[in-house]
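Thank you all for coming; I would like to walk through one structure this morning, going slowly from the strands to the aromatic rings and then to the cysteines. Please have the sequence and the model in view while I talk.

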Amino acid sequence: MITTAQNTPSPGYYPSSRISSIGFGQGYSNLWGPQHQRVEQGTVTIWLDRSSGSGYKSLQPYRSGYFGAAIKLQPGYTAGVITSFYLSNNEAHPGDHDEIDIEFLGTTPDKPYTLQTYVYIRGSGDRNIIGREMKFHLWFDPTQDFHDYAILWTPSEIIFLVDDVPIRRYPRKSDATFPLRPLWVYGSIWDASSWATEDGKYKADYNYQPFIGRYKNFKIGGCTADRPASCSPPSASPSGSGGLSQQQSSVMEWVQRNYLVYDYCRDGKRDHTQTPEC
């Protein structure tokens, strides 16, 4: 079933409307590949070619909040290429870091992009990683226009949103399965040919370079790491008390029924003693 954005069920509440946009320089700066990043009229363009990719990072760390950007992806052959928007503390805690990710996994022209969400807790990019991935296709073509993608991270839950539609809720069931240390916000484009597209079957092909990611409409509504404990992040729902409304929950169920393509909790090849929240 292919559903156009027009007949997406309404979530009834739009958390992004409560957060004002900021200019790129108010919240972020280049982290790597400065020659592959351009800021023009509020849009940040980053690109990958044979020589380099690029990434940016928030000026401050946060301990909760709403973090969003409007993103437009490259059409055509993008296998092996990852365009991302995520929270991490890997520079502060190398080998032992936390991460909350939205990653767009590049693709071949006959197949749609996959949006991958995942949560790491005190893991690193080596053998002991537990990724907690859920992967989705989208109900629109993300290369045709900008769409809003956001992570809402509170002390009790993480909610991933696409155009204010909640696609995944990850509740805090225990301290061991939830990121509690301050995180920075990042965006990047890079070559992940070894795994990004159909487990590495299709690699980045630089005959199609440059691979471009465009970001605008940056929104940060959160508690920086140095704010007092009384600071509270925005709510995903109209109740203001966390969780999702009944309407939001039913829209999330619609997304997961029609567009979810992988859920780590349902993967029989995984060791679920490592993921007690399942």
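Strands β4 and β15 pair in the antiparallel sense, and five bridges hold that pairing; please keep in mind throughout that this is a predicted model. If you look for one position along this pairing, take Ile46, whose bridge partner in β15 is Gly213. On its other pairing, β4 is joined by four bridges to strand β3, residues 37-40, and these two strands also run antiparallel. There, Ile46 is the bridge partner of Gln37. Strands β3 and β4 form a hairpin with two residues between them, and in that turn Gln41 has a positive phi of about 45°.

How many of the residues in β4 are buried? Six of its six residues are, across residues 43-48, and the burial applies to both faces, with Thr43, Thr45 and Trp47 on one side and Val44, Ile46 and Leu48 on the other.

Let me move to the aromatic rings. In general, a pair of aromatic rings is described by the distance of the centres and the angle of the planes. The search of the whole structure finds 19 aromatic pairs, and I will describe two of them. The rings of Tyr56 and Tyr215 have centres 5.3 Å apart and planes at 90°, so this pair is edge-to-face. It links distant parts of the chain, since Tyr56 belongs to strand β5, residues 54-58, while Tyr215 belongs to strand β15, residues 211-224, with their positions 159 residues apart in sequence. Tyr56 and Tyr215 are both buried, and ring pairs link them with Phe24, Tyr28 and Phe218 into a cluster.

The other pair is Phe104 with Tyr149, where the centres are 4.8 Å apart and the planes lie at 75°, so this pair too is edge-to-face. Because Phe104 lies in strand β8, residues 97-105, and Tyr149 in strand β11, residues 147-153, the pair ties together parts that are 45 residues apart in sequence. Tyr149 has a relative accessibility of 1%, and therefore counts as buried. The C-alpha atom of Tyr149 is also 5.7 Å from that of Leu161, 12 residues away along the chain.

Phe104 and Tyr149 bring us to the core. The largest nonpolar core has 51 residues, and those touching the most other members are Phe104, Leu115, Trp139, Tyr149 and Ile158. Leaving aside residues up to four places away in sequence, Phe104 touches several residues, including Ile71, Leu73, Val81, Leu138 and Tyr149. A second, separate core has nine residues, among them Leu152, Ile159, Leu161 and Met252.

Two lysines are also worth pointing out on the screen: Lys57 lies over the face of Trp184, at 4.9 Å from the ring centre, and Lys135 lies over the face of Tyr262, at 5.4 Å from the ring centre.

Finally, the cysteines, where the search finds two disulfides. Cys223 and Cys231 form one of them, with sulfur atoms 2.0 Å apart, and both of these cysteines are buried. Cys265 and Cys278 are joined by a disulfide with an S to S distance of 1.9 Å. Is Cys265 buried, exposed or partly exposed? At 27% relative accessibility Cys265 counts as partly exposed, and Cys278, at 42%, counts as partly exposed as well. The torsion about the S-S bond is about -90° for Cys223 and Cys231, so that disulfide is left-handed; for Cys265 and Cys278 the torsion is about -80°, so that disulfide is left-handed too.

Definitions and conventions:
Residues are numbered from 1 along each chain as its sequence is written. This is a predicted model: local features need pLDDT of at least 70, side-chain atom pairs count only at pLDDT 80 or more; totals for chains, interfaces and linings use all residues. Side-chain values use heavy atoms; hydrogens and water are left out. Rings of Phe, Tyr and Trp (its six-membered ring) pair if their centres lie within 6.5 Å; planes under 30 degrees apart count as stacked, over 60 as edge-to-face and the rest as tilted. Buried means under 20% relative accessible area, exposed over 50%, partly exposed in between (1.4 Å probe, protein chains only). A charge sits over a ring if NZ of Lys or CZ of Arg is within 6 Å of the ring centre and within 35 degrees of the ring normal. A nonpolar core is a set of buried Ala, Val, Leu, Ile, Met, Phe, Trp, Tyr and Cys residues joined through side-chain atoms within 4.5 Å. Contact means heavy atoms within 4.5 Å. Two strands pair if DSSP finds at least two bridges between them. A disulfide is a pair of cysteine sulfur atoms within 2.5 Å.
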